[in-house]
Amino acid sequence: MSISLTKKGNSFDEKICAITAACAGILGIVGTSQADTAYTSRAAFGAATAAQTIIDFNGIAGASSAVFYGTGPLTLSGVTFTGNRSMFVIGENYYGTAYPDGGYLNSDYAASGTNTIVAALPLGTTAIGFDFGGLLGAPVTFSVTLSDGFTWSGSSNGAISPLAPLEFIGFTSSTPLTSITIDMPDAPRYNSIDNFTIASAVPEPVSCALVITGLGLLGATLRRRETVSSPAGR
């Protein structure tokens with residue numbers, strides 16, 4: 001039995017190339033449809049991500065105490081934090097405030113300028129989020145720059161107290177992230193972060209459907225072409 005792979009005016013290889021290009025186009029759409037997205041809800045961020053690792057800064061500093069790291073480094077769960085001034089991990093009640101979530105990372109007071117914390121991320125990270133707020137006074141301002149160039153700025157009325165819980169900000173990216181830079185110009189108010197989360201962004205359902213559709217078309221065309229090309233009765 002012989003099978004011909006050529007049809008006049010339109011070769012089998014040409015069809016394969018065309019379908020492959022179409023699938024590549026679909027995959028391109030998947031890559032660009034996600035881009036960078038910001039989330040102000042931890043629940044929404046959780047629904048858009050998988051394999052989360054949460055750094056809660058608990059168990060480092062005891063109650064009513066703090067651990068000083070200066071400019072760093074501080075490495076936890078594969079994330080390395082460094083700062084341009086002084087970083088502290090602060091335990092509950094250190095400032096006489098009954099913070100309900102235990103420890104947190106604090107950017108210490110600076111008379112002028114902006115405190116900055118940079119987190120170097122593990123390979124494969126495509127999503128990142130954290131709770132943020134202040135210790136003394138509100139609101140406090142945060143500016144974020146991701147390694148892919150995405151930027152975000154916002155303020156929080158949250159505080160290290162049971163009365164005004166920290167707020168949340170999270171990001172997903174279509175490309176792996178290597179670092180996040182957090183600038184905090186309200187240094188006298190002691191900007192703080194907690195529950196620092198790294199994860200993987202989950203492709204949007206519509207994107208997955210497009211890829212499956214493209215692969216299905218490729219398979220159907222291959223089967224149809226084999227049937228047409230086979231001699232009758234063989």
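Tutor: Let's start with a definition: a strand is a DSSP run of E with at least two residues, and strands are numbered from the N terminus. This is a predicted model, where local features need pLDDT of at least 70 and side-chain atom pairs count only at pLDDT 80 or more, while totals for chains, interfaces and linings use all residues. Residues are numbered from 1 along each chain as its sequence is written, and side-chain values use heavy atoms, with hydrogens and water left out.

Student: Which strand holds S107?

Tutor: S107 sits in β7, residues 104–107.

Student: Why is S107 called buried?

Tutor: Buried means under 20% relative accessible area, exposed over 50% and partly exposed in between, with a 1.4 Å probe and protein chains only. S107 has 3%, so S107 is buried.

Student: What makes the link between the side chains of S107 and N115 a polar contact?

Tutor: A polar contact is a pair of N or O atoms within 3.5 Å; within protein, one must be able to donate a hydrogen and the other to accept it, and residues adjacent in sequence count only if both atoms are side-chain atoms. The S107–N115 pair is at 2.6 Å, so the distance fits.

Student: And T126, why does T126 count as buried?

Tutor: Its relative accessibility is 13%, and the cut-off is under 20%, so T126 is buried too. T126 lies in the loop between β8 (115–120) and β9 (127–134).

Student: What does the side chain of T126 reach?

Tutor: The side chain reaches the backbone nitrogen of A201, at 2.7 Å.

Note on methods:
Helices (H or I, at least four residues) and strands (E, at least two) are DSSP runs, numbered from the N terminus.
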